[in-house]
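Biologist: Could you take me through one part of this model up close, strand by strand, and then work outwards from there? Keep it informal, but show me the reasoning where there is some.

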Amino acid sequence: MKLFYDVHMHSCLSPCGDALMTPNNIVNMCVLKGLDVIAVTDHNHSGNVAAVMSLAKESGLICIPGMEVQTKEDVHVLVYFRSLEDIERFSNDLDKYRVKVPNDEKRFGRQVICDEEDNEIATYPHALIIGLTISIEHLELLANHHQGVIVPAHINKGANSVLANLGFMPENLNVQTIEVYDKAPFQGMMFKRYKVIRNSDAHYLGDISECEESIDVESRTLEAVFDALFTNETGEEK
């Protein structure tokens, strides 16, 4: 069966995310747009994943637990997991690499954590816009330890991408899937060994993808979707 996805979007927890990007608003917009598979991937934190996953399940959507991590090389890397428990353990372990600088709300916006009714239950006090002190190689090891996979984000973008910041894809990375930014040139032959996904990277409700990108799966389950997006042809993660 064909399922439409958008697995890179930001909630009101991300400093660049609009205040209207609350869990309910995100899920409802995804339903209106006809999506089947979603992921909220906030910068360096997973505080709104639980609420979005719960609401998505009620609405018949598959929600993959995710995060967008900014490494010490200032490279944005999407990290995806098979369960809420896995991403929460990962986020806890990641805390030692977060830079504890107070967030400047007037400059960068509030970083709001919500419950399933969009009530504000907390604000994250440290600036999530700042890169972490973890390298991309170490990030992969930490993600793998928690049954996760890494996906270099917007690979062809002029900033905060592997190519823009490093100039190459590190050969020692076990990368199976890359994300491509549609509004920049992309030479596909350079990356024919990778699966390519395209997402909205939405920071506003209206920017969430329409039914444009799809995957074929045998069953409508998180496991099947995870495998379709992030594993190789033999079904083994690289």
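Modeller: Let's start with what pairing means here: two strands pair if DSSP finds at least two bridges between them. Bear in mind throughout that this is a predicted model.

With that in hand, look at β4 and strand β5, residues 76–80, which pair in the antiparallel sense over 5 bridges. If you want one place to put your finger, take Val69, whose bridge partner in β5 is Val77. Now go to the other neighbour of β5. β5 and β8 also pair in the antiparallel sense, over 4 bridges. There the contact to look up is Val79 with its bridge partner Ile150 in β8. Put the two pairings together and you have an open sheet of 3 strands, in the order β4-β5-β8, with antiparallel pairing. β4 (66–70) and β8 (149–152) each have a single partner strand, so they stand at the edges and one side of each is left without a neighbour in the sheet. From one strand to the next, the twist averages 30 degrees.

Being at the edge of the sheet says nothing yet about the faces of a strand, so stay on β8 for a moment. Val149 and Val151 lie on one side of β8 and Ile150 and Pro152 on the other, and all of them are buried, so both faces are covered. Ile150, then, is the residue that bridges to Val79 and also one of those buried residues.

The loops on either side of β8 deserve a look too. Most residues other than glycine have a negative phi. Going into the strand, Gln147 is found in the loop between α5 (136–145) and β8. Gln147 has a positive phi, near 65 degrees, and is not a glycine. At a relative accessible area of 45%, Gln147 is partly exposed. Coming out of the strand, His154 is found in the loop between β8 and α6 (162–165). His154 isn't a glycine either, and its phi is positive, at about 30 degrees. His154 is buried, though, because its relative accessible area is 4% and the cut-off for buried is under 20%.

Next, a strand with another kind of pairing. Strand β1 (residues 2–9) and β2 pair in the parallel sense, over 3 bridges. Here Tyr5 stands opposite Val37 in β2. Strand β2 (residues 37–40) is buried on both sides: Val37 and Ala39 point one way, Ile38 and Val40 the other. Val40 also gives us a link to a helix, since its C-alpha atom is 8.7 Å from that of Ile26, 14 residues away along the chain. Ile26 is found in helix α1 (residues 23–32), and it is buried, with a relative accessible area of 0%.

Helix α2 (residues 49–58) has its own set of buried residues: Val49, Ala51, Val52, Met53, Leu55 and Ala56. An α-helix has 3.6 residues a turn, so residues three or four places apart point the same way. After α2 comes Gly60, with a positive phi near 80 degrees.

The cysteines are worth a check as well. The sulfur of Cys12 is 3.7 Å from its closest cysteine sulfur, in Cys114, which is too far for a bond because a disulfide needs the two sulfurs within 2.5 Å. Cys30 is in no disulfide either, and its nearest cysteine sulfur, that of Cys63, is 8.7 Å away. The count by this rule comes to 0 disulfides. Both cysteines are out of the way of the probe: Cys12 counts as buried at 3% relative accessibility, and Cys30 is buried at 0%.

Two more stops. Asp95 sits in the loop between α3 (84–94) and α4 (105–108), where it counts as partly exposed at 30% relative accessibility. Asp95 and Leu132 are 37 residues apart in sequence, and their C-alpha atoms are 9.1 Å apart in space. Last comes the largest pocket, with a volume of about 340 Å³. Its lining is made of 15 residues, and Tyr181, Asp182, Lys183, Asn199 and Ser200 lie nearest its centre. By class, that lining has 9 charged, 3 polar and 3 nonpolar residues.

Definitions and conventions:
Residues numbered from 1 in each chain as written. Predicted model: local features only at pLDDT ≥ 70, side-chain atom pairs only at ≥ 80, totals over all residues. Heavy atoms only, no water. Buried < 20%, exposed > 50% of the residue type's maximum accessible area, 1.4 Å probe, protein only. 1 Å grid on protein atoms, 1.4 Å probe; cavity = no way out; pocket = protein on both sides within 12 Å on 5 of 7 lines; lining within 4 Å. Points joined across faces, edges and corners; volume = space filled by probe spheres on them. Nonpolar A, V, L, I, M, F, W, Y, C, P; charged D, E, K, R; others polar. Axes fitted to C-alpha atoms, helices over the stretch in contact; angles between N-to-C directions.
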